[in-house]
Protein chains: 4
Amino acid sequence: MTQAETIDHAQRAARRTLAEHRSRQLLDAAARLMEREGSEAVSMQALAAEAGVSVGLIYRYFGSKEDVLYAVIVDVLDALATALPAALDDAPEDPVRRLAATFTAYCTVIDSHRHSTLLTYRESKSLDAKRRERIKELELETAQPLMRSLRDGVSDGLLVTDDAELVAYDLILMAHAWALKSWYFTKTRDLTSYIDSQLALALRGIVAPKHRARYADLLR
Amino acid sequence: MTQAETIDHAQRAARRTLAEHRSRQLLDAAARLMEREGSEAVSMQALAAEAGVSVGLIYRYFGSKEDVLYAVIVDVLDALATALPAALDDAPEDPVRRLAATFTAYCTVIDSHRHSTLLTYRESKSLDAKRRERIKELELETAQPLMRSLRDGVSDGLLVTDDAELVAYDLILMAHAWALKSWYFTKTRDLTSYIDSQLALALRGIVAPKHRARYADLLR
Amino acid sequence: MTQAETIDHAQRAARRTLAEHRSRQLLDAAARLMEREGSEAVSMQALAAEAGVSVGLIYRYFGSKEDVLYAVIVDVLDALATALPAALDDAPEDPVRRLAATFTAYCTVIDSHRHSTLLTYRESKSLDAKRRERIKELELETAQPLMRSLRDGVSDGLLVTDDAELVAYDLILMAHAWALKSWYFTKTRDLTSYIDSQLALALRGIVAPKHRARYADLLR
Amino acid sequence: MTQAETIDHAQRAARRTLAEHRSRQLLDAAARLMEREGSEAVSMQALAAEAGVSVGLIYRYFGSKEDVLYAVIVDVLDALATALPAALDDAPEDPVRRLAATFTAYCTVIDSHRHSTLLTYRESKSLDAKRRERIKELELETAQPLMRSLRDGVSDGLLVTDDAELVAYDLILMAHAWALKSWYFTKTRDLTSYIDSQLALALRGIVAPKHRARYADLLR
DNA sequence: TATGAATGAGATTTCATTCAT
DNA sequence: CATGAATGAAATCTCATTCAT
């Protein structure tokens with residue numbers, strides 16, 4: 001490697017780092033802004049002001065407003081893609097408990113990205129078809145960890161369902177509902193009790209009768 | 001009643017009819033528009049074009065764009081307020097079957113107002129606080145028929161749950177999900193099988209073990 | 001005169017009467033409306049509502065909104081054209097006292113048409129050149145009675161001025177000012193004391209020194 | 001001061017200068033536009049076209065159309081607030097001559113802002129209550145220099161009046177009249193002779209009889 | 001790389017005017 | 001003669017995007 005190549009390499013790395021740093025800075029600003037102003041009124045001007053950069057700069061890192069929106073949404077999905085497997089790292093072997101751990105992690109991520117989650121429902125209209133498809137795909141991928149535990153549970157005879165897909169999606173909906181209907185749920189519950197209640201309800205529908213005693217703690 | 005009064009009366013009636021006709025025409029156009037354009041591009045221009053009237057005319061029947069949006073959303077809630085009690089008219093006495101009938105009606109209404117339902121999630125941001133509150137109230141009212149059947153079922157020892165509110169809301173979410181995630185669910189299901197599956201799943205979580213046999217048809 | 005002609009004649013007269021009645025009704029409504037809403041917001045719709053007729057009907061008696069505006073303004077000028085000569089009917093022979101009587105009548109008419117007077121200043125922009133000219137002419141005509149008294153006073157050696165035109169116009173301005181700056185003048189004065197003060201001030205500038213004693217009452 | 005700070009400082013100064021430049025450019029364009037179009041058609045489109053900028057840019061410097069209107073009006077009042085004291089700098093000590101100098105300056109400013117002055121009468125309706133109040137206050141302040149000279153003249157026994165406020169306001173009206181009724185006055189007079197005539201007329205009403213000889217030049 | 005002034009298309013809303021009844 | 005529903009041009013304002021510096 002020549003000296004020039006080394007410098008070039010270092011420069012490119014630095015540039016990539018800066019780019020990542022900027023993206024994060026902007027995404028965080030977007031989250032902060034939505035938290036404060038309510039996930040509406042996310043104009044490029046407002047975003048620039050919140051991030052402490054110029055509007056022009058945003059266009060250096062994102063091609064369009066749609067790009068920013070997309071990135072914010074993907075950010076939640078990325079967080080889920082990271083958090084769900086991580087939650088399983090120190091979870092027990094038991095598929096039902098793994099399912100519980102996954103659902104808990106799901107809800108926790110949604111809670112910390114409440115406004116971005118709303119954005120998924122509100123603004124995905126302004127995304128083009130391709131991106132909308134990609135988001136759907138990513139969302140489906142977040143269902144996989146739930147589905148895996150479910151299927152394992154069924155294989156082991158712990159759970160009973162002939163439609164794991166539907167169950168998984170219902171669980172996802174329950175998690176999303178925490179963001180979508182927080183005005184309702186937070187009136188009488190905090191996140192922990194919401195998770196417990198929903199989990200109990202869902203599990204009661206699928207835990208095999210003869211194993212219910214074993215999960216008494218989860219079924220309330 | 002003099003002749004003049006009769007005419008006056010007739011005219012006023014005609015005018016009221018026209019007003020209702022126009023409102024309906026506009027609301028239907030809004031629904032159609034969202035159906036075709038994907039619930040984006042709900043501009044007053046587009047709405048006027050779709051309804052085949054002028055922009056100005058919309059403002060004779062609705063005070064603002066917000067008014068139109070609100071009316072579209074309330075329309076769904078009104079349909080629910082009408083359909084849910086109606087569904088119970090020729091439902092059996094059994095609370096569990098009444099619950100099933102209510103949920104079925106709920107899903108059916110949502111299905112026929114799929115795009116308006118999406119609007120509730122997408123555009124309620126552009127509604128002022130008062131209207132947003134009113135919509136929440138109306139939505140909660142749609143939970144009442146579900147809740148009533150649930151509580152009756154619990155009183156009769158047919159159902160077991162200590163959180164009827166949560167169960168009711170989960171059922172509503174499942175109904176809404178048919179609109180929100182139709183891109184996913186319609187891939188492998190039609191409305192009827194969606195209703196059956198969700199109902200089976202939900203009921204399995206709450207039907208008292210000793211009465212499960214009685215509802216074998218509902219629990220699949 | 002044939003019978004047909006008689007009927008025709010009677011009909012035409014009735015029609016003319018109706019037309020006059022309608023015009024008056026509308027002009028009065030306009031005045032009332034401006035009084036209440038502040039001489040802005042005089043839309044044809046609002047005018048129709050205030051007059052208790054339909055918008056369409058206004059167009060039967062006035063060709064356009066401009067016509068209505070013009071008629072309202074001319075109404076004030078007509079009132080002046082009637083009131084000023086009338087005020088001189090039972091005024092003394094003395095030119096100075098006739099001047100005082102004319103000014104008093106001028107101010108009184110302006111006071112009772114305060115909002116229409118404002119309209120002259122505010123909306124004459126939206127009148128076409130021809131009408132604007134006509135209004136100027138009519139306004140100049142309202143200056144004539146003042147001018148006549150002034151000139152008579154000068155002939156009789158009671159008044160001293162070589163620019164009766166300017167004095168007359170200043171008096172008109174003082175009268176208009178009661179409408180234009182009522183927010184200021186009404187704070188400390190009523191119409192009568194306003195007239196007295198302005199008259200005293202104006203007369204002190206033009207009454208011949210040797211006749212001042214004679215008008216001590218007017219000069220305060 | 002570091003180099004960066006210097007640059008920063010310079011940039012901010014440049015920006016302030018640009019902002020002032022733009023405001024002036026827009027205010028001047030507004031005046032020009034009204035001059036040409038007769039103070040009607042002051043639409044944001046027209047203003048932008050006249051100023052040679054885009055509509056959007058106007059909103060960077062003024063929050064609303066009302067803001068622009070207000071600024072144009074305040075511009076005249078500012079010009080008066082500057083010009084009236086300045087006129088007294090090289091005026092003689094004599095209160096009557098100072099009064100004359102102030103009135104002359106007042107009329108001169110009005111003459112050079114004729115169209116903006118009309119705007120005060122025509123468009124103040126479209127200003128909100130707060131701004132309307134502020135304009136009234138500023139207008140009253142322009143009366144102060146006149147009032148001061150008047151009171152000084154009364155103290156010195158040169159002028160006689162028990163209502164300096166009214167006299168001052170009449171002088172202001174006379175100045176405004178040059179803009180309001182220029183169609184009439186400019187037919188036979190130029191600004192200078194208008195000022196002389198009005199001043200002579202006003203002073204004749206208030207100069208103490210025994211001092212009239214001293215101001216023969218002003219009283220004609 | 002970074003700025004932010006400038007653009008202009010597009011959105012909502014008003015209201016004078018028309019015309020079928 | 002009278003109505004008022006319907007029209008649509010025009011006005012104000014916003015905001016994603018560009019570009020000269």
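At what angle do helix 6 (residues 114-123) of chain C and helix 8 (residues 164-180) of chain C pack, and how far apart are their axes? The tour comes to that pair at its third stop, after a word on the model and a look at one whole chain.

This is a predicted model, in which local features need pLDDT of at least 70 and side-chain atom pairs count only at pLDDT 80 or more, whereas totals for chains, interfaces and linings use all residues. Residues are numbered from 1 along each chain as its sequence is written, while chains are lettered from A and ligands numbered from 1 in the order in which they are written.

**First stop: chain A**

Select chain A and colour it by secondary structure: it has 10 helices and 0 strands, where helices (H or I, at least four residues) and strands (E, at least two) are DSSP runs numbered from the N terminus. The C-alpha trace of chain A spans about 70 × 50 × 30 Å along its principal axes. Of the 220 residues in chain A, 37% are buried, a residue being buried if 20 or more other C-beta atoms lie within 10 Å of its own, exposed if 12 or fewer, and partly exposed in between, with C-beta atoms placed from the backbone. Among the contacts in chain A with a separation of 6 or more, 65% join residues 24 or more positions apart; two residues are in contact if their C-beta atoms, placed from the backbone, lie within 7 Å.

**Second stop: chains A and B**

Now add chain B, since 2 pairs of chains are in contact and chains A and B share the most contacts. The contact takes 21 residues from chain B and 22 residues from chain A. On the side of chain B that touches chain A, helix 6, helix 8 (164-180) and helix 10 (191-206) of chain B give two or more residues each, and the largest share, 6 residues, comes from helix 8 of chain B. That side of chain B divides into 10 nonpolar, 4 polar and 7 charged residues, where Ala, Val, Leu, Ile, Met, Phe, Trp, Tyr, Cys and Pro count as nonpolar, Asp, Glu, Lys and Arg as charged, and the others, Gly among them, as polar.

Chain B is superposed on chain A by a rotation of 178° with 0.2 Å of shift along its axis, at an RMSD of 0.5 Å; copies are superposed by least squares on the C-alpha atoms of residues with pLDDT of at least 70 in both. To find that axis, select G205(B), whose C-alpha is the one in chain B nearest the axis, 1.6 Å from it. Because 95% of the interface residues of chain B are also interface residues in chain A, the copies meet through the same surface.

Before leaving chain B, select helix 6 (residues 114-123), which is mostly covered, with 7 of its 10 residues buried; among them are H115(B), L119(B) and R122(B).

**Third stop: chains C and D**

Within chain C, helix 6 and helix 8 pack at an angle of about 105°, with their axes 8 Å apart, where axes are lines fitted to C-alpha atoms, for helices over the stretch in contact, and angles run from 0 to 180 degrees between N-to-C directions. Helix 6 of chain C is therefore roughly perpendicular to helix 8 of chain C, the word used for 65 to 115 degrees, whereas angles under 35 degrees count as roughly parallel, over 145 as roughly antiparallel and the rest as oblique. To see the contact, show R114(C), T117(C), L118(C) and Y121(C) of helix 6 with H176(C), A179(C) and L180(C) of helix 8.

Adding chain D shows a contact that takes 20 residues from chain C and 21 residues from chain D. Helix 8 of chain C gives the most to the side of chain C that touches chain D, with 6 residues. Chain C can be laid on chain D by a turn of 178° and a shift of 0.1 Å along the axis, with an RMSD of 0.4 Å, so the two copies are related as by a two-fold rotation axis.

Show chain A again with these two: chain A and chain C do not touch, their nearest C-alpha atoms being 32 Å apart, and no contact joins chain A and chain D, whose closest C-alpha atoms lie 12 Å apart.

**Last stop: the DNA strands**

Finally, select DNA strand F, which 33 residues surround, the closest being S43(A), S54(B), G56(B), G56(C) and G56(D); a residue is near a molecule or strand if its C-beta atom, placed from the backbone, lies within 6 Å of it. Around DNA strand E there are 32 residues, of which G56(A), S43(B), G56(B), S43(C) and G56(D) come nearest.
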